Each structure stands twice: as C-alpha cells, then as structure tokens.
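Work through the exercises below with the sequence and the 3D structure at hand. Each task is followed by a solution in steps.

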Amino acid sequence: MRLIEDLVVAYRILADYAVIDAWGHVSVRSDRDPSRYYLARALAPELVTPDDIMEYDLDSHPIDLRDRDMVSERYIHGEIYKARPDVHAVVHSHTPSLIPFSVTKVPLRPLFAIAAFVGEGIPNFEIRTVQKGSNLLINTPRLGKALAATLGKKPAALLRGHGVVVVGDDVRRAAGRSIYLDLTARLQLQAMALAGPRGRINYLDRQEVKASATLTDFSRAWTLWRAKMLAKVRSEGPRAAAE
C-alpha cells in the first residue's frame with residue numbers, strides 16, 4: 001500500500017534529518033476512510049517498518065491493538081484531523097532549533113523563500129491555559145482539542161517547552177515543512193546573532209510570502225528523499241524478530 005510505504009519513509013526521512021528524535025511521530029489520514037488515520041506504534045522513528053503501523057479512529061481508539069504499545073500523544077493527530085478536514089498528514093517533533101521560539105516572545109518570521117509558509121503565522125500553544133502542572137505531553141483528548149484550536153488554519157504550531165506540530169495536505173508537504181521549519185529557525189537564530197540587538201533583519205514581506213507559495217510543494221525534494229530512503233529501507237530487509 002503506497003500510503004503506508006510513504007508514512008514509513010517519512011518517519012525515516014525526518015529521523016535522518018534529525019527533525020524527529022526517538023519520541024517523534026508522523027501520521028497520515030486514511031485514503032479509504034477519512035474518519036481513520038495511520039500512526040506507528042510507540043517506537044523510535046528510525047526503526048519503523050510497515051508492520052508497525054496501526055490504524056485509529058478520530059477519537060484515537062485503535063482498530064486492531066493486538067499487543068502493541070500505543071503512542072501516548074496520539075490525541076494530537078486525532079483531534080487535528082477532526083478539526084481540519086483539509087489536513088491529511090501530521091508531524092509532531094521536538095526539534096531543538098524551535099524550542100527557543102516556544103519559550104520566548106520572539107516569533108518565527110519568514111526569511112527564506114522555501115520556508116515562506118512561516119509567514120502564514122506559527123502560533124504557540126500554552127498548555128497551562130488548559131492544564132496546570134502537567135508534564136507537557138498532549139496525552140488526553142482535551143489537550144489534543146486545545147492544541148488543534150491553537151493551530152487553527154495555520155501550517156504549524158509550537159508547543160511551549162515541548163516541540164512543534166506541523167500539518168499538510170499530504171505527507172510530502174508535512175515532512176517538507178518540518179525539515180524547512182527547522183532550517184529557517186536555525187537561519188533566523190543566526191541572522192539575529194549576526195545583526196545584534198540593534199541590527200535589522202530583512203524578512204520576506206506579505207507579497208513575497210504569497211508569491212513563494214509554489215515553492216513549498218516539496219515535490220522535487222520529496223522525490224529525492226523518498227528514493228534514497230526507500231533504497232535504504234529495502235536494503236535492510238525484514239527486521240529480525242530477535243533484534
């Protein structure tokens with residue numbers, strides 16, 4: 001099934017780019033039933049294979065649990081799919097370059113054409129407004145719904161002191177946005193350091209953000225990333241049961 005293959009590849013690509021760590025996760029909406037989605041079991045992304053993919057309803061109940069461990073933050077995915085019919089893929093990561101922007105009042109701003117989607121706005125989810133004294137994980141439907149409300153119609157949202165959620169109309173766009181969101185955050189931090197407290201950074205304006213939208217399809221990059229990672233995955237062969 002091509003959709004499952006693309007999901008596995010997305011996990012591996014994002015791990016390869018160090019966008020997601022051992023706790024990051026990616027999902028896709030089912031192409032057969034929009035009221036369901038696919039997400040790997042609780043497993044480090046670099047180890048995910050098609051056999052690890054689980055199916056959920058939008059309340060994040062598993063269709064076939066068997067003896068597999070579920071991702072505790074699966075409600076991120078289910079609640080966003082409920083709120084955003086246009087979304088068909090969700091990435092949640094703890095990308096280090098983005099954490100400083102989640103804990104300060106410095107906003108992410110567009111300064112790089114391929115990451116111009118930042119100009120649409122990247123809101124910041126404050127979990128304390130919903131639950132005080134939490135461990136910052138989005139591990140209940142209530143928290144997932146609140147995060148989805150903060151995300152609104154935007155392409156991504158920061159989670160204060162935690163990470164980021166990125167969405168797309170397919171897994172290619174969600175993965176591409178995740179990679180370039182990390183890159184543009186690092187570029188902005190470099191530009192801010194170079195400019196100094198009194199320096200001026202020449203960010204993209206609204207017209208440039210709009211004109212750059214065609215660059216954020218990521219189809220050319222995805223073709224390359226997918227081909228390289230599929231070759232790597234296939235060279236590994238079936239995972240040995242004893243590993």
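The protein has 7 helices and 7 strands; both are DSSP runs numbered from the N terminus, helices being H or I with at least four residues and strands E with at least two. The model is predicted, with local features needing pLDDT of at least 70, side-chain atom pairs counting only at pLDDT 80 or more, and totals for chains, interfaces and linings using all residues. Residues are numbered from 1 along each chain as its sequence is written, and side-chain values use heavy atoms, leaving out hydrogens and water.

**Exercise 1.** Determine whether the two faces of strand β6 are covered or not.

Step 1: In a regular strand, side chains alternate between the two faces of the sheet.
Step 2: In β6 (residues 156–159), A156 and L158 lie on one side, A157 and L159 on the other.
Step 3: These four residues are all buried, and both faces are covered. Buried means under 20% relative accessible area (1.4 Å probe, protein chains only).

**Exercise 2.** Find the strands that pair with β6 and the direction of each.

Step 1: Two strands pair if DSSP finds at least two bridges between them.
Step 2: Strand β5 (residues 124–125) is joined to β6 by 2 bridges, and the two run parallel. Here F125 stands opposite L159.
Step 3: Strand β7 (residues 163–168) is joined to β6 by 4 bridges and runs antiparallel to β6. G163 in β7 is the bridge partner of L159.
Step 4: β6 and β7 form a hairpin with 3 residues between them, and G161 in the turn has a positive phi of about 65°.

Methods:
Buried means under 20% relative accessible area, exposed over 50%, partly exposed in between (1.4 Å probe, protein chains only).
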